[in-house]
Structure formats: C-alpha cells, structure tokens
Amino acid sequence: MRPAHLALATLVAAVWGINFVVIEIGLDHFPPLLFSALRFLAAALPAVFFVGRPKVAWKWIVGVGLVLGVAKFGLLFTGMDRGAPAGLSSLVLQVQAVFTALFAFVALRERPGRTRVVGMAVALAGIGVAAFDEGASGPLLGFTLCVAAAACWGVSNVLTRKAAPPDMLNFMVWVSTVPVLPLLALSLLLEGPERDLAALRSLDWTGAGVILYVAWVTTIFGFGAWGYLLRHHPASSVAPFSLLVPVFGMSSAALVLDESVSGLRWCAAALLVGGVALTSLAAPATRPGAPDASPGGGDPRREHAAASPGPV
C-alpha cells in the first residue's frame with residue numbers, strides 16, 4: 001500500500017473504534033432502540049438518493065437489514081445501555097469472526113482449516129477471560145448482550161457473503177433503510193412513547209452530532225473508504241487493519257470516558273485479537289470442487305464482502 005492508503009485504512013479503523021465512545025455518549029441522550037433507529041435513518045437519508053439502485057436482490061437487503069440492523073445493533077446498544085463498557089464492547093464484538101466461521105461451516109459448508117480452528121479456540125478463550133473479569137467487576141447482562149450482538153453480526157456476514165454485493169457502500173445504504181421502522185416500533189413498545197418523545201424534545205447539538213457521527217462518519221465515510229481500498233488492494237492486505245478497531249476503541253474509552261483496563265482485560269484483549277487474527281486471516285478449507293474462497297481467488301465480490309469488518 002502507498003502511505004496515503006495506509007493512513008486511510010488506519011483512519012477508518014480509528015473512526016470505527018472511536019464510534020463505541022460516541023455510542024456511549026449517545027446513550028446519555030437517547031433510549032438504545034430509538035438511538036439505533038435514528039442512526040439508520042440518518043445513514044439512509046439522503047444517501048439513498050445518491051448511491052443508485054440496489055445491486056443485489058431485495059431478499060438479501062431485507063435479510064441483512066433485519067439481522068444486522070434490528071438484531072445486532074438493537075442488542076449492542078441495549079447491552080451498552082445496560083452497562084457494558086465502550087472499550088470492552090469494541091473488543092467483545094470482534095468475536096463475530098468466530099461466529100462467522102461457525103455459521104459459514106453450517107450454511108455454506110466451508111470447512112475451517114486447522115489454523116482457523118486454533119484461532120477460534122484462542123478467541124473463545126479470550127471471551128471466557130473477559131466474561132470472568134466482567135462478572136467480577138461489572139454487569140454480566142450487558143456483556144452477554146454484546147456477545148449475542150456478535151453472533152447476529154456473524155449471521156449477517158454469512159448473508160452478505162451469499163449476497164456478494166459488488167459495492168459495499170451502496171449495499172449498506174440500502175440495508176440502512178430496512179431497520180428504521182422495526183426499531184421505531186420496538187422502541188415504542190419496549191421503551192415507551194413518553195421516553196422517546198422526551199429524548200426527541202431535548203435533542204441538542206451533542207445529540208445531533210452523535211447521530212451524524214454514527215451514521216455519516218462510520219457508515220458513509222467508513223464504508224466508502226473501505227470499499228475504495230478494496231478496489232485498489234487485495235482483501236488480504238486491507239482486512240488486517242480491522243484488528244485495530246478494538247485498539248482504538250479501548251484506548252479512546254480510557255482517554256475520553258476514563259474507563260480502567262484491568263490486567264485480566266488486557267489478557268482477554270490479547271487472546272481475542274490474536275484469535276481473531278488467526279480466524280480472519282487464515283485461508284479456509286474449501287469444499288471439494290468449490291472455487292477458491294481465500295483472498296485472491298474465486299469471485300472478487302465475495303472477497304470484498306468477506307473482507308469487510310462490517311458496521312459498528
């Protein structure tokens with residue numbers, strides 16, 4: 001990569017890592033489900049009028065929109081609202097790589113190679129250490145909801161692999177149109193119209209800025225830049241930069257939110273990042289007679305879809 005592209009890849013990872021701190025701030029202004037709905041509304045409008053028509057079938061857009069937008073983000077925002085720290089959330093969510101490999105084995109019959117299996121075991125050990133640390137010092141429910149969010153992210157990654165979108169920005173903008181109404185309905189049902197109206201009436205510049213960051217900066221800029229990098233470099237060169245997301249997430253949470261990082265949490269971080277690196281970067285064992293699924297082989301659209309770390 002050229003220095004400018006290295007800087008851009010690092011910037012995208014920083015944007016996505018810092019996003020967890022921004023979410024934490026946003027949860028002081030909005031109920032979690034309403035906040036998630038507003039995030040997708042702002043990501044979809046007005047961008048949907050500029051990205052062109054969808055480039056994949058609507059069944060994939062709706063499927064990913066419900067699993068990723070409603071389930072994953074609903075669980076993540078609720079988990080953080082229930083006390084999961086921003087830095088820990090940025091770390092735990094990366095176990096999605098393990099869930100993706102497991103679900104790909106079930107749904108796509110992609111057999112993981114030995115290195116990938118070892119990586120999954122190491123990452124799960126990191127989750128165990130983090131759960132022990134969180135159970136001893138914080139609310140375990142919020143942590144559990146974040147793990148569930150990572151599982152939903154894994155399902156959406158498999159659906160995205162099946163959809164094989166040629167343009168990730170176009171895909172994510174159209175996906176963002178799907179969760180808005182379901183999340184609003186869930187917010188009215190579970191969080192109550194009074195709480196929602198109170199949050200909207202008290203909207204200030206900080207609340208508006210948070211929504212614009214999580215929608216335009218993390219989604220529009222983040223996926224636009226990531227897609228640009230994937231068009232100019234192999235996925236195997238771009239994907240490793242996603243491992244910097246929890247690094248920026250934990251460090252920004254410590255600096256901005258004054259979150260402490262225990263020795264056990266550092267241990268969990270090392271295991272998770274190392275395990276995810278092995279799981280994400282090791283070539284999977286392909287099905288007999290199937291095209292090469294590793295970076296640089298097979299359908300380039302699948303390579304790009306697989307290399308995206310997904311929205312945060």
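Is Ser156 buried or exposed? Select Ser156 and colour by accessibility: it is buried, with a relative accessible area of 2%. Buried here means under 20% relative accessible area, exposed means over 50%, and partly exposed lies in between, using a 1.4 Å probe and protein chains only.

**Ground rules**

This is a predicted model, so local features need pLDDT of at least 70, side-chain atom pairs count only at pLDDT 80 or more, and totals for chains, interfaces and linings use all residues. Numbering runs from 1 along each chain as its sequence is written, and side-chain values use heavy atoms, with hydrogens and water left out.

**The whole chain**

Zoom out and switch to cartoon. You'll see 15 helices and 0 strands in the protein chain; these are DSSP runs numbered from the N terminus, with helices being H or I of at least four residues and strands being E of at least two. Of the 312 residues, 54% count as buried. The accessible surface comes to about 13,100 Å², and 69% of that belongs to carbon and sulfur atoms; the areas come from the Shrake-Rupley method with a 1.4 Å probe, and for residues only the protein chains shown count as cover.

Contacts mean heavy atoms within 4.5 Å. Among contacts in the chain with a separation of 6 or more, 90% link residues 24 or more positions apart.

Now colour by pLDDT, the predictor's confidence in each residue, from 0 to 100. The chain averages 86, and 88% of the residues score at least 70. Then select residues 288–298, where pLDDT stays under 50 and the model has 14 contacts beyond four places in sequence. Where pLDDT is low, the predicted coordinates should not be read in detail.

**Back to Ser156**

Ser156 sits in helix H7, residues 140–163. Show its side chain and you'll find it reaching the backbone oxygen of Trp153 at 2.8 Å. That is a polar contact: a pair of N or O atoms within 3.5 Å where, within protein, one must be able to donate a hydrogen and the other to accept it, and residues adjacent in sequence count only if both atoms are side-chain atoms. Not counting residues up to four places away in sequence, Ser156 touches Val64, Val67 and Leu68.

**Along H3**

Those three neighbours of Ser156 take you to residues 58–81, helix H3. Its 24 residues should span 34 Å at 1.5 Å a residue, and the end C-alpha atoms are 32 Å apart, which agrees. The expected span is 1.5 Å times one less than the number of residues. Look along the helix for a kink of about 25° centred on Phe73; the bend at a residue is the angle between axes fitted to the seven residues ending there and the seven starting there. After H3 comes Gly83, with a positive phi near 115°.

Stay in H3 and pick Gly69, which is buried at 1% relative accessibility. Draw a C-alpha distance from Gly69 to Val175: 7.8 Å in space, 106 residues apart in sequence. Beyond its neighbours within four places, Gly69 has contacts that include Ser36, Phe40, Pro179 and Leu183.

**Leu33 and H2**

Leu183 turns up again at Leu33, a residue of helix H2. Leu33 is buried, with a relative accessible area of 9%. Its C-alpha lies 5.9 Å from that of Leu183, although the two are 150 residues apart in sequence. Contacts of Leu33 outside its four-place neighbourhood also include Gly74, Thr78 and Leu190.

**H1**

Helix H1 covers residues 3–26, and its end C-alpha atoms are 34 Å apart, in agreement with the 34 Å expected for 24 residues. Even so, check Phe20, where H1 bends by about 30°.

**Backbone oddities**

Most residues other than glycine have a negative phi, and most peptide bonds are trans. Which residues does the cis peptide bond with omega of about 5° join? Select Leu45 and Pro46; Pro46 is in the loop between helix H2 (32–44) and H3.

Next, go to Arg109, whose phi is positive, near 60°. Arg109 is in the loop between H5 and H6 and counts as exposed at 61% relative accessibility. Ala164 also has a positive phi, about 50°, but Ala164 is buried at 3%, in the loop between H7 and H8.

**Last stop: Glu259**

Finish in the loop between H13 and H14, where Glu259 sits. Glu259 is buried, with a relative accessible area of 18%. Its side chain reaches the backbone nitrogen of Ala86 at 2.9 Å. Other contacts of Glu259 include Pro85, Gly87, Leu88 and Ala253.
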